[in-house]
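Reader: I am new to this one. Please take me slowly through one part of it.

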Amino acid sequence: LDRTIVDLEISSMTIDQAAQRILQESGLPAVGRVLVGPPEEYGKVSLHLKKVTLLEALNQLVKTDGMAAWALEYTKDKNYVVDIHSWRKRSGRVGPR
């Protein structure tokens, strides 16, 4: 979670697409996966991440969504799973308030 993201612009992406970009940019091995709920529970997010840790980036992602939380787990074979939960029951664009 202390991996650094130097500069990443996310523009109007679904939260799972944004999470994948954040994980790629952090340098985590590509063998992990992102789990999200039904698409209608997520809107689109836009944010600019500059000189932040992976922890800070994931926190900003769910804060931008406004109705989501994340958890990161490592499997026994050292792969990762990022699980993003939402309590939104509608679709729509989300972003900074």
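Which strands does helix α2 (residues 54-65) lie across, and at about what angle does it run to β4? Please show me the surroundings too.

Author: Helix α2 lies across β4 and β5. Its direction makes about 150° with that of β4. Keep in mind that this is a predicted model.

Start with the whole chain. The protein chain has two helices and five strands. Along the sequence they come in the pattern β-α-β-β-α-β-β. So where does α2 sit in that pattern? By the order, two strands stand between the two helices, and two more follow the second helix. The chain has 97 residues, and 40% of them are buried. Contacts reach far along the sequence. Among contacts with a separation of 6 or more, 62% join residues 24 or more positions apart. The accessible surface comes to about 5700 Å². Carbon and sulfur atoms hold 51% of that surface.

Now the sheet. Three strands form an open sheet, in the order β2-β5-β4, with mixed pairing. The edges are β2 (33-36) and β4 (68-74), and each of these pairs on one side only. From one strand to the next, the twist averages 20°. Strands β4 and β5 pair in the antiparallel sense. Seven bridges join them, and β5 covers residues 80-86. One facing pair is easy to find: W70 stands opposite I84 in β5. Helix α1 (residues 15-26) packs on the sheet as well, touching β2, β4 and β5. The direction of α1 makes about 155° with that of β2. Helix α2, for its part, lies across β4 and β5.

Next, the core. The largest nonpolar core has 26 residues, and those touching the most other members are I5, I10, I22, L23, L49, L61 and I84. At least two residues of this core come from each of β1 (4-14), α1, β3 (44-53), α2, β4 and β5. Look at I22 up close. Leaving out residues up to four places away in sequence, I22 touches I5, L8, I10, L49, L54, A57, L58 and L61. Check those numbers against helix α2, which spans residues 54-65. L61 deserves a second glance: it is a contact of I22, and it is also one of the core residues with the most neighbours within the core.

Move over to strand β5, which α2 lies across. V82 is found in this strand. V82 is buried, because its relative accessible area is 0% and the limit is under 20%. Setting aside neighbours within four places in sequence, V82 is in contact with L23, R33, V34, L35, A71 and L72. V34 is a good example of a long reach. It is 48 residues from V82 in sequence, yet their C-alpha atoms are 4.7 Å apart.

S86 also has its place in β5. S86 counts as buried because its relative accessible area, 14%, is under 20%. A polar atom of the S86 side chain lies 3.1 Å from the backbone oxygen of M67. Measure across to W70 as well. S86 and W70 are 16 residues apart in sequence, and 8.9 Å apart in space, C-alpha to C-alpha.

Two last stops have unusual backbone angles to look up. S12 is in strand β1. Its phi is near 50°, a positive value in a residue other than glycine. S12 is partly exposed, at 40% relative accessibility. K51 is in strand β3. Phi of K51 is near 55°, again positive in a residue other than glycine. K51 is exposed, because its relative accessible area of 67% is over 50%.

Back to your helix. Helix α2 lies across β4 and β5, and supplies at least two residues to the largest nonpolar core.

How values were computed: Residues numbered from 1 in each chain as written. Predicted model: local features only at pLDDT ≥ 70, side-chain atom pairs only at ≥ 80, totals over all residues. Heavy atoms only, no water. Helix = DSSP H or I, 4+ residues; strand = E, 2+ residues; numbered from the N terminus. Buried < 20%, exposed > 50% of the residue type's maximum accessible area, 1.4 Å probe, protein only. Contact = heavy atoms within 4.5 Å. Areas by Shrake-Rupley, 256 points an atom, 1.4 Å probe, with all protein chains shown as cover. Pairing = 2+ DSSP bridges. Axes fitted to C-alpha atoms, helices over the stretch in contact; angles between N-to-C directions. Polar contact = N/O pair within 3.5 Å; in protein donor to acceptor, adjacent residues only side chain to side chain. Core = buried A, V, L, I, M, F, W, Y, C linked by side-chain atoms within 4.5 Å.
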